[in-house]
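Please look through the sequence and the model below. The text that follows goes from the overall fold to single helices, and then to a few residues.

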Amino acid sequence: MVERVQLSTGNLQRAMVGVAAGYVLFAGLVSFVDESDAWGFLVVFTLFAAAIANPLVFREPAAFTIACVVTAVLVLILGFFLAAAGLYLLWPSALPLLLAPTPLPRLAPPWPHLAVGLLTAAAVLTFYAAAA
């Protein structure tokens, strides 16, 4: 007899997608504060944040993994082609998306995931300081 086990993605894996989407919103806010007339940037970054959060729709691990990888690749490609418009700020959001599908053992500390989250948050400030 075959036993079926329902698998789902963990909270930490879903949180990494949230970190990527939050990073894009934060980058949009920093761009908006830097340029007070940049409503277009704020709208574009908000739309990209919604698109980056699309892996959260999938519950099965295989679909979640595919959605994370496809979204990360699209972010890198679009960021490359739209870098002149300032969308190179999207590149660091691909790292949490690529790390999100990796499962961690239950008892292992989540240091790699936490480090990526902190580095992603610091990337906005680094880009902002380099542009100023």
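**Overall layout**

The protein chain has five helices and zero strands as its secondary structure. Read from the N terminus, the order of elements is α-α-α-α-α. This is a predicted model. The mean pLDDT of the protein chain is 79, with 80% of its residues reaching 70 or more. Confidence varies between the elements: helix H5 (residues 111–131) has the lowest mean pLDDT, 72, and H3 has the highest, 90.

The protein chain has 132 residues, and buried residues make up 36% of them. Among contacts between residues at least 6 apart in sequence, 71% join residues at least 24 apart.

**The nonpolar core**

The largest nonpolar core holds 24 residues. Within this core, Val24, Phe45, Ile52 and Leu90 touch the most other members. Helix H1 (11–34), H2, H3, helix H4 (94–99) and H5 each supply at least two residues of the core. H1 gives the largest share, seven residues.

**Helix H2**

Helix H2 covers residues 39–52, which is 14 residues. From its first C-alpha to its last, H2 reaches 20 Å, close to the 20 Å expected at 1.5 Å a residue. Which residues of H2 are buried? They are Leu42, Phe45, Phe48, Ala49 and Ile52. Seen down the axis of H2, these buried residues fall within an arc of 130 degrees, so they line one face of the helix. Trp39, Leu47 and Ala50, on the other side of H2, are exposed.

Two of the buried residues of H2, Phe45 and Ile52, are also among the core residues that touch the most other members. Not counting residues up to four places away in sequence, Ile52 touches Val17, Ala20, Ala21, Val24, Thr71, Val75, Ser93 and Leu97. Val24 in that list is another of the core residues that touch the most other members.

**Helix H3**

Helix H3 spans residues 61–81. H3 has 21 residues and reaches 30 Å from its first C-alpha to its last, close to the 30 Å expected at 1.5 Å a residue. Its buried residues are Ala63, Phe64, Ala67, Cys68, Thr71, Ala72, Val75 and Gly79. Seen down the axis of H3, the buried residues fall within an arc of 160 degrees, so they line one face of the helix. On the other side of H3, the exposed residues are Ala62, Ile66, Phe80 and Phe81.

Two of these exposed residues bring in the aromatic rings. The structure holds one aromatic pair. Phe80 and Phe81 form this pair, which is edge-to-face, with 5.4 Å centre to centre and 70 degrees between the planes. Both Phe80 and Phe81 are exposed.

**Thr71 and Ala67 on the buried face**

Is Thr71, in helix H3, buried or exposed? Thr71 counts as buried because its relative accessibility is 7%, under the 20% cut-off. Leaving aside neighbours within four places in sequence, Thr71 is in contact with Ala51, Ile52, Asn54, Pro55 and Leu97. Ile52 and Leu97 are thus named among the contacts of Thr71, and Leu97 is also one of the residues that Ile52 touches.

Ala67 lies in helix H3 as well. Ala67 is buried because its relative accessible area is 10%, again under 20%. With neighbours within four places in sequence left aside, Ala67 is in contact with Asn54, Pro55 and Phe58. Asn54 and Pro55 also appear among the contacts of Thr71. The C-alpha atoms of Ala67 and Ile52 are separated by 9.5 Å, and the two residues are 15 residues apart along the chain.

**Leu56 in the loop**

Where does Leu56 lie? Leu56 is in the loop between H2 and H3. Leu56 is partly exposed because its relative accessible area is 35%, which is between the cut-offs of 20% and 50%. The C-alpha atoms of Leu56 and Ala67, eleven residues apart along the chain, are separated by 8.8 Å. Apart from neighbours within four places in sequence, Leu56 is in contact with Arg14 and Val17. Val17 is also one of the residues that Ile52 touches.

Technical notes. Residues numbered from 1 in each chain as written. Predicted model: local features only at pLDDT ≥ 70, side-chain atom pairs only at ≥ 80, totals over all residues. Heavy atoms only, no water. Helix = DSSP H or I, 4+ residues; strand = E, 2+ residues; numbered from the N terminus. Buried < 20%, exposed > 50% of the residue type's maximum accessible area, 1.4 Å probe, protein only. Contact = heavy atoms within 4.5 Å. Expected span 1.5 Å × (residues − 1). Arc of directions from axis to C-beta. Phe/Tyr/Trp six-rings, centres within 6.5 Å; stacked < 30°, edge-to-face > 60°. pLDDT = per-residue confidence, 0-100. Core = buried A, V, L, I, M, F, W, Y, C linked by side-chain atoms within 4.5 Å.
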